[in-house]
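Dear colleague,

I am handing over a structure for you to look through at your own pace. Please open it first, and then read the notes underneath with the model beside you.

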Amino acid sequence: MKKIYLFCSAGMSTSMLAKSMQEVADEHGLPARVEAFSSGKVSELVERDEPDCLLLGPQVGFLFNEVNEKFGDRIPVGVIDAGDYGRLDGERVLKYAVLLIKTHTA
């Protein structure tokens, strides 16, 4: 089961995107758990849950360098495309997460 965690400033629209991504994963039989959290919880959740992918919402994209520097050697980190985010395109964002997981070199 791959754990894909999304982070944004408040967690509202990101939780809708996470739900859309989970529906796509379930439809295709992909063993994934997609959840959304506030960006303030990144460190806590990485240490506790060891997720397989961290995706930052466009509004917290400025945190990419900091998060990638801290965890990028263990976990792939990406920023969700603003267009995909705005459309709540769960399929495209899920594909992006899977690509990050597959191409990550620890």
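**Where the first and last helices meet**

In the contact between two helices, Leu17, Ser20, Met21, Val24 and Ala25 of H1 meet Gly90, Glu91, Val93 and Leu94 of H5. Sorted by character, the residues of this contact of H1 with H5 are six nonpolar, two polar and one charged. Helix H1 covers residues 12–27 and helix H5 covers residues 90–103, and the two pack at an angle of about 75° with their axes 8 Å apart. Because angles of 65 to 115 degrees count as roughly perpendicular, H1 is described as roughly perpendicular to H5. Please keep in mind, here and below, that this is a predicted model.

**The sheet**

In what order do the strands of the open sheet lie? The order is E2-E1-E3-E4, four strands with parallel pairing. The edge strands, each of which pairs on one side only, are E2 and E4, and from one strand to the next the twist averages 20°. As general background, strands of a sheet pair through backbone hydrogen bonds, and they do so either parallel or antiparallel.

You can follow the pairing across the sheet, beginning with E1 and E2, which pair in the parallel sense over seven bridges, with Leu6 standing opposite Ala36 in E2. On the other side, strand E1 (residues 2–8) pairs with E3 over four bridges, again in the parallel sense, and there Phe7 stands opposite Leu56 in E3. E3 in turn pairs with strand E4 (residues 77–79) over three bridges, also in the parallel sense, and the bridge partner of Leu56 in E4 is Val79.

Strand E3, which spans residues 53–56, is worth a slower look. In a regular strand the side chains alternate between the two faces of the sheet. In E3 both faces are covered, since Cys53 and Leu55 on one side are buried, as are Leu54 and Leu56 on the other.

Which helices lie against this sheet? Helix H1 lies across E1, E2 and E3, and runs at about 180° to E2. Helix H3 (residues 64–71) also packs on the sheet, where it touches E3 and E4, and its direction makes about 165° with that of E4.

**Aromatic rings**

The count of aromatic pairs comes to two, and ring pairs link Tyr5, Phe7 and Phe37 into a cluster.

**Some single residues to find**

Is Ser39 buried or exposed? Ser39 lies in the loop between strand E2 (32–38) and helix H2 (42–49), and Ser39 counts as buried because its relative accessible area is 18%, where the cut-off for buried is under 20%. Beyond its neighbours within four places in sequence, Ser39 is in contact with Phe7, Cys8, Ser9, Val60 and Leu63.

Ile101, in helix H5, is likewise buried, with a relative accessible area of 19%. Not counting residues up to four places away in sequence, Ile101 touches Lys2, Ile4, Asp52, Cys53 and Pro76. The C-alpha atoms of Ile101 and Ile4 are separated by 9.4 Å, although these residues are 97 residues apart along the chain.

Asp84 sits in helix H4 and is buried, with a relative accessible area of 6%. Leaving aside its neighbours within four places in sequence, Asp84 is in contact with Asp89, Arg92 and Val93. Its C-alpha atom is separated by 9.9 Å from that of Pro58, which is 26 residues apart from Asp84 along the chain.

Finally, please look at two loop residues whose backbone angle phi is positive. Glu50 lies in the loop between H2 and E3, and its phi is near 45°, a positive value in a residue other than glycine. Glu50 is exposed, with a relative accessible area of 54%. Leu88 is found in the loop between helix H4 (82–86) and H5, and its phi is near 50°, again a positive value in a residue other than glycine. At 29% relative accessibility, Leu88 counts as partly exposed.

With kind regards

Note on methods: Residues numbered from 1 in each chain as written. Predicted model: local features only at pLDDT ≥ 70, side-chain atom pairs only at ≥ 80, totals over all residues. Heavy atoms only, no water. Axes fitted to C-alpha atoms, helices over the stretch in contact; angles between N-to-C directions. Parallel < 35°, antiparallel > 145°, perpendicular 65-115°, else oblique. Contact = heavy atoms within 4.5 Å. Nonpolar A, V, L, I, M, F, W, Y, C, P; charged D, E, K, R; others polar. Phe/Tyr/Trp six-rings, centres within 6.5 Å; stacked < 30°, edge-to-face > 60°. Buried < 20%, exposed > 50% of the residue type's maximum accessible area, 1.4 Å probe, protein only. Pairing = 2+ DSSP bridges.
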